Amino acid sequence: MIQTSGVIICLGYIFGLLFTAVPWGGVWILVLGIVGAILFKRRTTLQQLAQKAENAGSKNKAVPNTWQTNPHPRIWLAAGLVGLLATLYFQWRVPQPGAKDISQFVPLGNSSNQEQLVIVRGEVASNPRLTRSQRGQFWLEATQLDEVKNDKGLAGVPKGVTGKLYVTVPILQATGLYPSQQIAVTGILYKPKAASNPGGFDFQKFLKQEGTFAGLIGRQINVLDQERKWGWWQIRERIVRSQVRWLGIPEGPLVSAMVLGSKAVDLPYDIRDLFVQAGLAHALAASGFQTSLILSVILQLTRRARKGTQFTLGFLALIIFLSLTGFQPAVLRAVIMGFAALVGLLLKRKVKQFGSLLLAATLLLVFNPLWIWDLGFQLSFLATLGLVVTVPPLVNRLAWLPPAIAALIAVPLAATIWTLPVQLFVFGVVPSYSLLLNVVSTPLISIISIGGIISALVGLIWTQAGSFLAAVLHYPTDWLIKLVEFFSKLPGNSVAVGSISTWQLLAIYALILLVWLVPWWQKRWWFANVIAIGLVFIPLWHSTNTLFRITVLESGTEPIVVVQDRGTVTVINSGDEGTGRFTILPFLQQQGVNQINWAIATDFQGNESNAWLELLQRLPIKNFYEYSPKSENSIATQAIQQELQKSQGAYQPLAVGQAVKMGSIVAQLINDQLPILQLQILDQNWLLVGNIKSKEVQQLVKSGSLPRPQVLWCAPQSLKDLVIALQPQVAIASSANFDLKVLSELNQSQTKLFFTGRDGAIQWTPNGQFEAFIEATENKSSVL
């Protein structure tokens, strides 16, 4: 049990880490500590005076010294100092590449035209996994770097290096690799990129959290050491193979993930995405449920043994489980709380769950303060906090139901209350049926988890017996997958409300804390709920109905333009396969868009590879215009038409010269041979020009086919000719690689240049200037 002073000190440390996101955060947390010390000193003095007065009035009446239970002012001051030190400790622990880190040897300006082959030697640090692009991926602890000097594969003088690499190789090259194996990988070094579009995945930040600053696109692997060293990965592999053997895929990996966690198991991405979108991601994370189950089984089997024996066996079981799951933050939190329960059992003292949770969080953040910004750690901590402090009052309010059903509803509801604000802040999407699905699926998840743990233990001793027990789980696992698929296909299965701001996040958590701690708010919880909903939807409604903004997304292939016009949304082009899922959809979700009113496909790429199907599977499109004369009856077009029919959308071919009015925008194709789209946006003329040659530019300009635009988008190879011929106010090109001589010449003109490959997405509003996403993000980061 943590005393009140210990709680305040722990909270001071945690809030100190959170204040690293605020300028001069350490100073602010110290000031708060000083203010707390002053306020509580004054409060103590008043209580002392009240006590003396009451004692004077009734000398024979015993008066409790309640004021003495309040924390001493120096505790608040100490908490402020701890918070200040926490901010300094956080900065000290932020990973930085060393002088010999392999990221220091990445060639500057490395591109597809300047590929420098290298040979990296090192030790495999993880089991290979399958990426979305069907390549093998693993982590490599680099020790030596050789540069390939010629086509014959001769290498130069090797350099001793340090650091960890994110390596991807053809899947067959990764087959059979295992941790601690010595290998040499031939490939191309690169530095990861930050997010180029709003709502996009920040690969650079992801690798930095892992202490990695470079990646390697591998082509070939040479194994230098065939000796198989023992490791926990062998036990994990034995368990997974035992469960997959008769269960098959995806049931086998799903059962293994529910036992060991998805980070320790190579779970197919379609299943992973299905559970995440439905709001069941926690089912794939080994944490509190598995820990509680393991301890319950151990204590039940040893109920007649001495307390010391129970403690020892429970301690060993938790250590083994922790080692098998790969020391994930959520599991570490659950195991530390399990240790606290065992200590309480040994000392015959009741352990306060809130105190053990706070202690677990503090210890983990002392071990790795960077976990304070790890989404998995945040959600695990908040969900557990909800179970500790919110489930009991919810069960009391549901007392009119049978206890089992009340608990079945209260547990997911409490976890949702505490985690939903963070999910809205990060993703901006609400799984509509998440709560109902959690209630319905809990019995299946319990059966699969219990059966999975039993089959895993048996499989370690006798593989075939473990496979047999796992096969018994086929129907529950299959039912769970079908149940999640059913809910995922229901209309409105997810609602995009847009990513909430920091002030909205803090305000909602302030309301949650008030309902938890203040009796007045506890009686008026419904009022707090109404305010929280208003905090989310009123700003969204106002923004949706007043915002006019044009965003040119960075896709690297063709111009993808999103127009938000006071409640209506237009999307022009969709890019390559994958662009819809990883570029356009995250942006629209962040903006709270649930429907595309108009869509135009102009066939800028000249092929059928596009992402419209990816968009249609998640968002309805009301009006779809397509200019693709080469593929009017293609399979892709037919698939698009079928998806449009499902959502009652209209498909219309787009003819050259046809003016399409979309709210405040008028779009028109002005050429039947080259992809040129003209947009009249308010009082501006935009021109989207595909890949054309210099002679074609000159011919079009002479014939008057190219009107002079205020804003021009074009391929980089056409940039110089088009800027000189059309002299636009703003020109946007898609590449990050450009000739410096050409750039110098263009900078002498009056045209302002943007390159989406360098600047990221470009945004414009009628009352503002063109803004580059990467520059705006860097400006915000520099302030923090």
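A charge counts as sitting over a ring when NZ of Lys or CZ of Arg is within 6 Å of the ring centre and within 35 degrees of the ring normal. In this predicted model, Lys164 fits that picture, lying over the face of Trp139 at 4.9 Å from the ring centre. Here's a quick tour of the rings, the charges over them and the cysteines.

**Charges over rings**
- Trp139, the ring under Lys164, also belongs to a cluster that ring pairs build from Trp139, Tyr166, Phe201, Phe203 and Phe206.
- Over at Tyr269, the charged end of Arg272 sits above the ring, 5.2 Å from its centre.

**Aromatic pairs**
- Searching the whole structure turns up 26 aromatic pairs.
- One of them is Phe311 with Phe315, with ring centres 6.2 Å apart and planes at 20°, so this pair is stacked.
- Phe311 and Phe315 sit four residues apart in helix 10 (residues 307-325), which puts about one helical turn between them.
- Phe311 is partly exposed at 23% relative accessibility, and Phe315 is partly exposed too, at 34%.
- Phe315 also stacks with Phe339, at 5.0 Å centre to centre and 25° between the planes.
- Because Phe315 is in helix 10 and Phe339 in helix 11 (residues 329-347), their pair ties together parts 24 residues apart in sequence.
- Phe339 comes out as partly exposed, with 21% relative accessibility.

**Cysteines**
- The disulfide count is zero.
- Cys10 is buried at 11% relative accessibility.
- Cys714 is buried as well, with a relative accessible area of 0%.

Note on methods:
Residues numbered from 1 in each chain as written. Predicted model: local features only at pLDDT ≥ 70, side-chain atom pairs only at ≥ 80, totals over all residues. Heavy atoms only, no water. Disulfide = S-S within 2.5 Å. Buried < 20%, exposed > 50% of the residue type's maximum accessible area, 1.4 Å probe, protein only. Phe/Tyr/Trp six-rings, centres within 6.5 Å; stacked < 30°, edge-to-face > 60°. Helix = DSSP H or I, 4+ residues; strand = E, 2+ residues; numbered from the N terminus.
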